[in-house]
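Please work through the exercises below with the sequence and the model side by side, and try each task before reading its solution.

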Amino acid sequence: MPSFDGRVVQYPSFQNLRDYLSWRQVDCHINNLYNTAFWALVQKGGMLPTKAEETLQGSSAADKNEILFCRFGVNYNDELEQFKKGSVMYRDYANETTGLLNTAPQKSPQDEPSRTQKEKGKKRPRKAEIMLQFTDLIRDEFWNARPWLFLHR
């Protein structure tokens, strides 16, 4: 499984944190595309690592995709999401009454709890589950479905 170093950093705002995580996800994609092309050249193409590195030096993402597809029949878009996006771990909370995880945004204003209900909800212990997904952090969908991740911004 691909991985990178972990860090503990306190960012001054939610937007700074989101920008950082987006950058890390883009970096994961760039590195994976390079490594996929590099190892295809070495393992399938029989190149020495130094020659493969020279071949890829200064190449664009389109060049790497072209190498993968034309030389090795590999469509990079078909690679598993975990390799292109990396692993995203977060805490997801279960609804106390249903036991279901709260992963979808509320659907309508009638679903919005009253102020009293919100206060009671803050006091009620919530069950949490650590989730592991290979999902897009750059678009809004992930964040909109999990508002508790940025409540203290």
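The exercises that follow concern a predicted model, and each task is followed by a stepwise solution.

**Exercise 1. The overall plan**

Task: Find how many helices and strands the protein has, and give the order in which its elements run from the N terminus on.

Solution: Step one is to count the elements, which gives six helices and two strands. Step two is to read them from the N terminus on, and the order is then α-α-α-α-β-α-β-α. Step three adds the context of the whole chain: of the 153 residues of the protein, 27% count as buried, and the accessible surface comes to about 11200 Å², of which 52% belongs to carbon and sulfur atoms. Among contacts between residues at least 6 apart in sequence, 67% join residues at least 24 apart.

**Exercise 2. Aromatic pairs within helix 1**

Task: Classify the ring pair of Tyr 20 and Trp 23 and the ring pair of Tyr 34 and Phe 38 as stacked, tilted or edge-to-face, and then place each pair along the helix.

Solution: A search of the whole structure finds seven aromatic pairs. One of them joins Tyr 20 and Trp 23, whose rings lie 5.8 Å centre to centre with 40° between the planes, so the pair is tilted, given that planes under 30 degrees apart count as stacked and those over 60 as edge-to-face. Because Tyr 20 and Trp 23 are three residues apart in helix 1 (residues 14–44), they are separated by about one helical turn. Tyr 20 is buried, with a relative accessible area of 19%, whereas Trp 23, at 47%, counts as partly exposed.

The pair of Tyr 34 and Phe 38 has its ring centres 6.1 Å apart and 15° between the planes, and it is stacked. Tyr 34 and Phe 38 are four residues apart in helix 1, which means that about one helical turn separates them. Here Tyr 34 is partly exposed, with a relative accessible area of 26%, and Phe 38 is buried at 11%.

**Exercise 3. Helix 1 against helix 3**

Task: Describe how helix 1 and helix 3 (residues 61–72) pack, and sort the residues of their contact by class.

Solution: Two packed helices are described by the angle between their axes and the distance between the axes. For helix 1 and helix 3 the angle is about 35°, and the axes are 10 Å apart; the crossing is left-handed. Helix 1 contributes Leu 33, Tyr 34, Thr 36, Ala 37, Ala 40, Leu 41 and Lys 44 to the contact, and helix 3 contributes Ala 61, Lys 64, Asn 65, Ile 67, Leu 68, Arg 71 and Phe 72. Sorted by class, the contact has nine nonpolar, two polar and three charged residues.

**Exercise 4. Two residues and their neighbours**

Task: Decide whether Gln 25 is buried or exposed, and list what Gln 25 and Phe 150 touch, not counting residues up to four places away in sequence.

Solution: Gln 25 lies in helix 1 and counts as buried at 6% relative accessibility. With residues up to four places away in sequence not counted, Gln 25 touches Lys 84, Lys 85, Val 88, Thr 135, Asp 136, Leu 137 and Ile 138.

Phe 150 is found in the segment after helix 6 (140–144) and counts as buried at 15% relative accessibility. Under the exclusion used for Gln 25, Phe 150 touches Phe 14 and Trp 143. Those two partners also belong, with Tyr 90 and Phe 142, to one aromatic cluster. Phe 150 and Gln 15 are 135 residues apart in sequence, while their C-alpha atoms are 9.4 Å apart in space.

Key. Residues are numbered from 1 along each chain as its sequence is written. This is a predicted model: local features need pLDDT of at least 70, side-chain atom pairs count only at pLDDT 80 or more; totals for chains, interfaces and linings use all residues. Side-chain values use heavy atoms; hydrogens and water are left out. Buried means under 20% relative accessible area, exposed over 50%, partly exposed in between (1.4 Å probe, protein chains only). Contact means heavy atoms within 4.5 Å. Accessible areas come from the Shrake-Rupley method with a 1.4 Å probe; for residues, only the protein chains shown count as cover. Rings of Phe, Tyr and Trp (its six-membered ring) pair if their centres lie within 6.5 Å; planes under 30 degrees apart count as stacked, over 60 as edge-to-face and the rest as tilted. Axes are lines fitted to C-alpha atoms, for helices over the stretch in contact, and angles run from 0 to 180 degrees between N-to-C directions. A crossing is left-handed if the near helix is turned anticlockwise from the far one by less than a right angle, and right-handed if clockwise. Ala, Val, Leu, Ile, Met, Phe, Trp, Tyr, Cys and Pro count as nonpolar, Asp, Glu, Lys and Arg as charged, and the others, Gly among them, as polar.
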